Amino acid sequence: MKKFKKILAAILAAAMLPVSLPVSRMQVQANTSAMSPSHNTNVNYIAYATEVEDQAQTNYCWAYMADAVLESYLMKTQTGIQTDFSEWDMITQLSSGAYAFSDLYSGGNYRQAIAYWTRGKMYGPRLEANSSLTDYYVSETAELGRYDRNQIQSKLNYIQNIKNLVVNYGAVGVSVYFTAEDRAMTTREGAYFYPEQVSPGVNHGVTIVGWDDNYAPQWFYNSLTTPHQPQNKGAFLVKNSWGRDGSSIGGSGYYWISYDNYFQDAFSVAQVLDRSKLYDRIYETDYRGLSDFWSGTSYSQTYDLSGGAQWLTGIATYVRAGASYQFFLDGKELPGCGGTVAQNGYHTFQLTTPVLVSNKMELRAEVTGHQEAVPVACSANSHEADGGNVCLKAFTKFQYHNAFGGSSGQVWNPAVPSYTVTGVTLTPQDCSVMQGTNRLFTAKVLGNGLSSVSQRINWQISGSSSPNTRISADGNLYVGADETSEVLYIYANSYVDSTQGASARVEVIKSASSGSQNGSNNTNTWTSGTGTNINGTPITPPVTGSAGGTSSGTPTTGTIITGTPVTSEESTGPSEDDTLEDNAPVQVGTVDKGIYSAWKNGTAQYTKCTSPNHVSITIPAAVKIGGESYEVNILDDGCIRNQKKVRSITIGKNVTQIGDESFYGCKQLKKIKILSEQIVYIGEDAFRGISEKAVVYVPRSCLADYRQMVRESGNDTVRVKAYN
């Protein structure tokens with residue numbers, strides 16, 4: 001299957017910043033791994049996952065799902081630490097006592113878990129071994145809610161945003177329809193499918209740990225429904241809470257769940273702080289967490305303080321993606337607290353300068369950018385709101401030691417060093433970029449006492465119409481070939497002070513080959529149209545026009561292995577005219593001991609090197625298979641992996657994508673020459689494990705971009721040099 005991978009980070013769709021909003025925000029970006037066609041798929045070694053647990057005959061799957069998400073986040077962000085939290089402490093605390101829910105015996109969801117994690121000092125998370133309280137405070141979550149089941153693009157975005165969360169934070173909790181009673185009839189060798197169009201909703205929580213965009217529809221079978229198999233490829237790998245049951249993948253407790261299933265309420269833990277550093281006192285009335293958002297843009301809460309004077313260090317609330325927040329204490333705005341948020345969820349705003357408070361304080365939140373921004377607390381009935389009680393917490397500390405070891409009582413924020421940010425410069429501030437090309441922006445943080453950490457920049461784009469248009473963590477803008485907007489805006493904001501930033505205007509220049517894409521996304525059927533694949537990748541038109549046309553470069557003739565076109569009778573899906581992309585190459589051939597897969601649009605993929613004795617490998621600009629010429633665009637995942645004797649590789653001028661682990665483990669590989677100036681993606685670990693003396697030679701015009709992509713792929717030491 002042809003894999004159209006994408007470069008750089010996908011920003012959550014809801015995080016786009018309108019030009020009219022202040023350039024002040026907290027953002028979420030995914031790295032290039034979120035654009036990979038597969039991630040974390042080996043059930044024998046799942047990264048950032050604790051042991052599979054068994055909920056037994058209970059309705060508490062939501063608690064097991066939630067703890068698995070938190071455990072995964074800590075493993076990913078705290079150097080592999082494995083922590084096993086107590087689901088039963090969570091369930092007990094939420095089912096009994098003064099602030100209990102009355103109906104959790106019938107089931108719950110992740111919002112109850114967030115309420116438990118974010119309550120005062122005596123509440124979770126607690127350890128499974130002895131129920132001892134940890135110092136972890138879940139200070140931020142990322143929540144995706146639900147997509148529009150009537151819009152294909154809504155689901156495509158949802159799938160991609162789940163991938164973003166997996167890459168950024170570890171596991172993602174999600175709700176699906178999945179019953180233990182029917183698992184034998186809906187599951188085939190660990191592959192679970194229940195079609196979205198007949199799904200009654202959701203009733204079970206699982207934890208997404210990885211995905212495979214090319215997981216074949218024929219690997220699923222549901223004898224209860226029609227259709228019995230998905231119409232589209234692709235599946236998430238999920239950790240379940242039914243123990244190592246026989247219907248899972250090899251009895252591992254993991255399942256493949258088709259993208260064609262219905263799922264909702266995806267969430268991740270996005271930040272964890274130490275309780276002891278965040279607060280001595282927590283003031284709250286929303287012990288049961290969020291019920292829903294009500295109409296309005298302002299809400300407040302008044303607290304009587306206990307214990308004398310103390311320092312207000314932070315405020316927490318539930319936020320709406322794209323909305324901008326300002327906070328007021330007794331009618332006066334709190335400086336350095338607030339900003340525009342990039343994702344829905346629970347969020348803790350820490351004050352840059354703590355404020356001394358005593359006796360009583362009135363907190364007020366003012367929101368712009370969303371008309372339904374009032375987070376109403378939940379009542380004892382988990383399905384009902386608690387009147388006008390809003391979710392607005394306050395954190396205070398009694399004492400501080402200042403940055404220089406001075407006495408307590410000094411106004412000092414332990415999260416901010418002794419430096420001052422005065423502004424940000426951005427270059428260029430006005431430029432033009434052609435569709436399908438890159439432009440590097442540079443930004444510098446200005447101020448006093450700045451370190452390398454305080455020079456970090458958060459990058460953001462607004463005004464884009466294409467999901468392919470994005471900017472990387474180092475300021476490298478890629479304008480999608482299908483970008484239709486005439487003007488984009490780039491924002492560079494200080495990482496440590498989101499109130500300081502700069503912006504740039506980018507005029508989009510249409511390329512000579514740009515034109516309208518075929519197909520429409522405004523349908524209710526996954527397989528209608530030809531505009532977008534199931535994984536969100538746009539289907540590009542033929543590079544050189546019609547199939548079989550003349551490619552650039554000199555074709556190399558090969559021996560055909562199989563040239564049988566895929567017909568509708570050979571596929572379990574719809575006819576060729578209705579599919580989003582062909583499910584198999586039209587021809588596969590060998591050229592110079594390398595296997596190439598060719599497609600109808602005149603392009604080819606270098607799939608595998610068949611000779612273990614190859615010393616020098618050249619991937620040409622084009623190959624000829626079965627009398628037809630095909631332009632070589634892609635190097636497949638692992639295509640030259642572990643070739644022990646190869647010493648040099650030349651990559652042709654038409655290659656745009658280098659797959660995951662392409663040259664992994666080629667220990668003698670010392671020279672890689674890249675002739676192409678069109679590469680937009682280098683996969684994970686593509687250059688890992690090659691010779692320590694290796695040099696990657698690239699066109700001078702691409703040196704900075706290619707060096708960054710090589711570094712991001714997982715090799716920080718290989719030398720990257722220009723050859724012209």
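## Charges over rings

A charge sits over a ring if NZ of Lys or CZ of Arg is within 6 Å of the ring centre and within 35 degrees of the ring normal. In this predicted model, Arg119 does just that with Tyr123: its charged end sits over the ring, 4.8 Å from the centre.

Lys673 plays the same sort of part with Tyr723, and here the charged end sits over the ring at 4.7 Å from its centre.

## Ring pairs

Now for rings meeting rings: the structure holds 30 aromatic pairs. Take Phe85 and Tyr136, whose ring centres are 6.0 Å apart; their planes stand at 90 degrees, so this pair is edge-to-face. It also links distant parts of the chain, with Phe85 in the loop between α1 (61-77) and α2 (87-95) and Tyr136 in strand β3 (residues 136-145), 51 residues apart. Both Phe85 and Tyr136 are buried.

Phe327 and Phe349 make a tilted pair, because their planes are at 55 degrees, with the ring centres 4.9 Å apart. Phe327 belongs to strand β15 (residues 324-329) and Phe349 to strand β17 (residues 345-357), so the pair ties together parts that are 22 residues apart in sequence. How buried are these two? Phe327 has 1% relative accessibility and counts as buried, and Phe349 is buried too, with a relative accessible area of 3%.

## A cluster of rings

Some rings go beyond a simple twosome. Which residues do ring pairs link into a cluster? They are Tyr147, Tyr158, Phe236, Tyr259, Tyr262 and Phe263.

Technical notes. Residues are numbered from 1 along each chain as its sequence is written. This is a predicted model: local features need pLDDT of at least 70, side-chain atom pairs count only at pLDDT 80 or more; totals for chains, interfaces and linings use all residues. Side-chain values use heavy atoms; hydrogens and water are left out. Rings of Phe, Tyr and Trp (its six-membered ring) pair if their centres lie within 6.5 Å; planes under 30 degrees apart count as stacked, over 60 as edge-to-face and the rest as tilted. Helices (H or I, at least four residues) and strands (E, at least two) are DSSP runs, numbered from the N terminus. Buried means under 20% relative accessible area, exposed over 50%, partly exposed in between (1.4 Å probe, protein chains only).
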